[in-house]
Amino acid sequence: MSSKPDSPSDDKDSFTSVDEEVKEMTAEMENIDIGGGEFSLVVLADQFIKCLKNPELTIVEYIAGYKEVYKFLALLGSVFGWVGSDVYAKITTLEKYLEGDKKEHYQNIKTMIDYEIKNDLIKTKKKDDPSGSRTLLRLHRALEYIIGFLHKLEDIQDDGYCSVISREAYDATLMKYHPWVVQKAAKLAMGLLPTKKGLVAKVCPEGNDAALKKALEDFPKAVSAMRNVYEATQVFYKDNNLLEIP
């Protein structure tokens, strides 16, 4: 027996939901002073490199590096509201663990995961579980998208649109964790991204040739530093069967 086809009103409701989701996801990112001055690709790379110097991956430096990621998202304004606000919330949660009464267990990523597993603190079937391991996993997944997006910058010309490479990176990473409405809204929001030249100009407002050249040289270094930390973090989560928790 065939199922009843969707009515035109069903389609209209679906697109209305997407429109509402786009408006919500592209709401202006809060102008939050997250500390450390203006965005710097050099600082971003340095913090993730420092994180990796400890084989268990230091959370303080991971957060410091991620704060630069947040600043980058904020530079692009409302277009990244769909991910920026969530990144900020997760950073804040992890900082609370770093300052809490069990802070000795939250200095390194591996130590944190081992401690929370041993004490049954990770509720693997609960989406709103606030454990440190699940909170960092959300940042870990978003980092894969950021890495994929910025890595592809080298593949396009100055007048190439970042929306194309952003959608490609999203399809290969974060999309699988999002419901259909969020997927559609995120991709529509990405249509607001500037060209490569426009993006680099936001990162490097000075605008002189030397500064622009340096920014283009610093992007791959930042991507490499993030990727190395991402891959090391991936191993910890994979070894403990935590990669696929909701």
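User: What area does the protein expose, and what percentage of it do carbon and sulfur atoms supply?
Analyst: This is a predicted model, and the area is computed from it. The protein exposes about 13200 Å². Carbon and sulfur atoms supply 51% of that area.

User: What average pLDDT does the protein have?
Analyst: Of the residues, 85% score at least 70. The average pLDDT over the protein is 87.

User: Over which residues does pLDDT stay under 50?
Analyst: Where pLDDT is low, the predicted coordinates should not be read in detail. The model has one contact beyond four places in sequence for the stretch in question. That stretch is residues 1–12.

User: How many helices and how many strands are there in the protein?
Analyst: Read along the sequence, the pattern is α-α-α-α-α-α-α-α-α-α. The count is zero strands and ten helices.

User: Among contacts between residues at least 6 apart in sequence, what percentage join residues at least 24 apart?
Analyst: Contact here means heavy atoms within 4.5 Å. Among contacts between residues at least 6 apart, the share joining residues at least 24 apart is 73%.

User: Which helix gives the most to the largest nonpolar core?
Analyst: The largest nonpolar core holds 68 residues. Phe48, Tyr62, Tyr66, Phe72 and Phe149 touch the most other members. Eleven residues come from the helix that gives the most, residues 209–239. That is helix 10.

User: Which residues is Phe48 in contact with, leaving aside neighbours within four places in sequence?
Analyst: Phe48 is one of the residues that touch the most other members of the largest nonpolar core. Its contacts beyond four places are Tyr62, Gly65, Tyr66, Val69, Leu143, Ala225, Met226 and Val229.

User: Is Ser166 buried or exposed?
Analyst: Ser166 sits in helix 7, residues 162–172. Not counting residues up to four places away in sequence, Ser166 touches Tyr145, Phe149, Met190 and Leu193. Its relative accessible area is 0%, and buried means under 20%, so Ser166 is buried.

User: Within what arc do the buried residues of helix 9 fall, seen down its axis?
Analyst: In helix 9, residues 196–203, the buried residues are Lys196, Leu199, Val200 and Val203. They line one face of the helix because they fall within an arc of 95°.

User: What covers the buried residues of helix 9?
Analyst: Lys196 is among the buried residues of helix 9. The cover for these buried residues includes helix 2 (41–53), helix 3 (59–75), helix 6 (132–151), helix 7 and helix 10.

Notes. Residues are numbered from 1 along each chain as its sequence is written. This is a predicted model: local features need pLDDT of at least 70, side-chain atom pairs count only at pLDDT 80 or more; totals for chains, interfaces and linings use all residues. Side-chain values use heavy atoms; hydrogens and water are left out. A nonpolar core is a set of buried Ala, Val, Leu, Ile, Met, Phe, Trp, Tyr and Cys residues joined through side-chain atoms within 4.5 Å. Buried means under 20% relative accessible area, exposed over 50%, partly exposed in between (1.4 Å probe, protein chains only). Helices (H or I, at least four residues) and strands (E, at least two) are DSSP runs, numbered from the N terminus. pLDDT is the predictor's confidence in each residue, from 0 to 100. Accessible areas come from the Shrake-Rupley method with a 1.4 Å probe; for residues, only the protein chains shown count as cover. The arc is that of the directions from the helix axis to the C-beta atoms.
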